[in-house]
Amino acid sequence: MRARKARSLVASLQAREQSFRMALWASGQRYWDFHVPSARLQYLVARHEGDGRRHDFSSEQAEPAAVIHPDDLPGVVDAMHRYAAGETAEFSSEHRVRADSPASTQGQWTWIRARGRAVERQADGAILRVAGTSLDISTTRAVERENRIASEVLRSMNEAVAVLDDRFRFLSVNPAFTRITGHGAADVIGRGVEVLDSVRHDHTRGRSMREHLRRDGRWSGEMWQRESNGEELLCAVEAATVRDGDAGGERMHVLMLSDITLQKRAEEELRYVANFDSLTNLPNRSLLAERLSRAIVHARRDGSRVAVLFLDLDRFKDINDSLGHAAGDRILRAAAARLQQAVGPGQTVARLAGDEFTVILEGLAVPEDAERVAREIIMAFEAPLVPEDGQEVSVSASIGVSLYPDHAQVPTELLKRADAAMYQAKAAGRRTWMRYDDSMEAAIRRRAILAGALHKALDRGELRVVYQPRQALASSRITGAEALLRWTSPEHGEIPPADFIPLAEENGMILEIGEWVLREACLAARRWRDHGLSDVRVSVNMSVLQLLRGDFADVVRGVLDDTGIPAQALELELTESMLMANAAQTAHKLQAFRELGVSLAIDDFGTGYSSLAYLKRLPITTIKIDKTFIADVCNDREGASITTTVIAMAHGLGLTVVAEGVETADQARFLARNDCDEIQGFWVSQPLDAVSCMAYFHNRRQSAAPATASTIGTP
């Protein structure tokens, strides 16, 4: 009986042990038993047999140091001591142990989570044995580590990332998503991705993207997205479909957004800078060439014409130098607006550089269509420009016209020939237009040749100064002479000042040439004074470049000192357009010459479209009426009225009036009757060299007698 009970008890214990082992095997845990006094550790180790489906357990013993990783052992010992001291309710630790048999020294390390409690105590209550289980958590830790890394990566990313379910509802978003879109996680989780759809796109755009993603598993592109405050940003979008687990797992979509609004804006600005003029917002040379090429292609296909109008503002350099570049820029913007308005929509107006503009006229049937537009542009500039500062400025334009296919077949040649025609328009007196013809090529080549020859002219002694006398009408006395520059080239003959002086101003040689002319004129005046002509004055033209030169007043003072003539014997002449561009600024610069005692005259008065009221701002002493007004003074009532008005107003301001270009006795009598002070022109004398001019002075002095309007007949 007792034997049966014993066998039954053993069988029950064996069954329980087998169940315990099966439970350990099924849960993936390992049983361990730690004897505290001896610090011995006992493990149950699973042994697989055959095909691996059969298994058994064997018990092995080892010291903890042989099983636990050296770096983790102090922490395990400390946890065991704290449990034994009653500081914790159970022993618990996560540490590394060898992956195979505890007795092995060759195995890999694996992470476990060990838990245990006291299973045997001594009589005094001290713990004798601690037993428990351990669970392999290597895979779990690896997954957690990957999740932490992924989480940190998402948090640190500059791109917005959102995870969506298969119905495109938000599951999670990273901080960058909130920073970029303004939508917080609590605001969007559970809501559809349509919350980001922009009104800039058709409502089907977002739906199409989502259908494409669901079908192909990937989508990329650029889309406008709506921020939480209603504003919109342009995003580069990358979207991909992923599955939770294997292929049969739940499908999700990962959306990554990069804000490229500023980048796109910068790209657009770069494209704008590459194709448009930043000052006037007109197309620049690059875009002009592209549009002109396209226009030629269309004209070739349609059998029509294309016209290129090359426009340059007259005397703009003088205005720009006098007013300053800031004011010049304002004038250019006003001129660009006036030009665009005159041409009308649908035609290209471009700015090449400086004050040079180009117009492309497409679809022309006959050349006269281009000439009509050129006339309209000239007329459009009749009214003064009104820049942003409100100061009215009168500017005229000279225009050159070339035509496809009449004059050239390619853009560069059309521009070149329109430019050549523009120069001829300037040579014809400005404020007009010229159509290109083949003879203009020769004029351009001559201009280039003269520019090269001018560099050598001064050193070779090819330049000379001649003097045209001025006569006082009331007394017939010769009051002085104007110094005029002449150039005689051995290769090119006599070259008119209108041809070479603009070249000298363009290449800067006018500074050197102007100083040489000033010194020559003052030396001539010195010789005249030495021969008893102490009451005559010499007039010298001054360039705007000389006026803007900071030390030119000192240059004048030095020349006067070197030649020994008094400042009262010198008069400097400046063109009206240069002076009137900015009276206040010019007055400041001219004051230095008046302080020297040098007289100042406005040359070519009447061509700058200015008011006599501006003369009060300038320290001038004389105005010289332009010869274009004098030419018809006896035949044209309007010209006569303008001349007499100018004389009266100038006298009211205390200014001396000199009429230029007087060629007939009738003109001289008219001017005398209307109280003009002095005259200059071929009727008085042609220009003379310094010695001949001195002889002329002496001869006129000996025969001089008071004159009246009725007695003037011959000089």
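This is a short walk through some aromatic pairs, two helix packings and one buried serine in a predicted model.

Okay, let's start with the overall picture. We have a chain of 715 residues, and 44% of them count as buried. The chain has 24 helices and 25 strands. If you take contacts between residues at least 6 apart in sequence, 61% of those join residues at least 24 apart. Keep that in mind, and let's go to the rings.

How many aromatic pairs does a search of the whole structure find? Six. I'll show you two of them, beginning with W32 and F91. Their ring centres are 5.7 Å apart and the planes sit at 80°, and since anything over 60 degrees counts as edge-to-face, that's what we call this pair. Now, where are these two in the fold? W32 is in strand β1, which covers residues 29–35, and F91 is in strand β4, residues 91–98. So the pair ties together parts that are 59 residues apart in sequence. And are the two residues buried or exposed? W32 comes out at 4% relative accessibility, so with the cut-off for buried at under 20%, W32 is buried. F91 has a relative accessible area of 3%, so F91 is buried as well.

Next pair, please: W528 and F697. This one is edge-to-face too, with 5.1 Å from centre to centre and 85° between the planes. Again we're linking distant parts of the chain: W528 belongs to helix α16, residues 510–530, while F697 belongs to helix α24, residues 690–703, and the two are 169 residues apart. On burial, W528 has a relative accessible area of 1%, which makes W528 buried. F697, at 3% relative accessibility, counts as buried too. There's a third ring to mention here, because Y467 joins W528 and F697 in a cluster linked by ring pairs.

That brings us to the helices themselves. α16 and α24 pack at an angle of about 40°, and their axes are 10 Å apart. The crossing is right-handed. Who makes the contact? From α16 it's A524, R527 and W528, and from α24 it's A690, C693, M694 and F697. So you'll recognise both residues of our second ring pair in that list.

α16 has another partner, helix α18, which is residues 552–563. Here the angle is about 30° and the axes are 9 Å apart. Under 35 degrees counts as roughly parallel, so that's the label for α16 and α18. α16 passes α18 in a right-handed crossing. On the α16 side you have E515, L518, R519, C522, L523 and R526. Those meet F552, V555, V556, V559, L560, D562 and T563 of α18.

Last stop, a serine. S198 sits in the loop between α6, residues 185–188, and α7, residues 203–216. Although S198 is in a loop, it's buried, with a relative accessible area of 9%. Which residue does the S198 side chain join in a polar contact? That's E232, through its own side chain, at 2.6 Å. Leaving out residues up to four places away in sequence, S198 touches W224, Q225, R226 and E232.

That's my tour, so let's go back to the structure and look around together.

Technical notes. Residues are numbered from 1 along each chain as its sequence is written. This is a predicted model: local features need pLDDT of at least 70, side-chain atom pairs count only at pLDDT 80 or more; totals for chains, interfaces and linings use all residues. Side-chain values use heavy atoms; hydrogens and water are left out. Rings of Phe, Tyr and Trp (its six-membered ring) pair if their centres lie within 6.5 Å; planes under 30 degrees apart count as stacked, over 60 as edge-to-face and the rest as tilted. Helices (H or I, at least four residues) and strands (E, at least two) are DSSP runs, numbered from the N terminus. Buried means under 20% relative accessible area, exposed over 50%, partly exposed in between (1.4 Å probe, protein chains only). A polar contact is a pair of N or O atoms within 3.5 Å; within protein, one must be able to donate a hydrogen and the other to accept it, and residues adjacent in sequence count only if both atoms are side-chain atoms. Contact means heavy atoms within 4.5 Å. Axes are lines fitted to C-alpha atoms, for helices over the stretch in contact, and angles run from 0 to 180 degrees between N-to-C directions. Angles under 35 degrees count as roughly parallel, over 145 as roughly antiparallel, 65 to 115 as roughly perpendicular and the rest as oblique. A crossing is left-handed if the near helix is turned anticlockwise from the far one by less than a right angle, and right-handed if clockwise.
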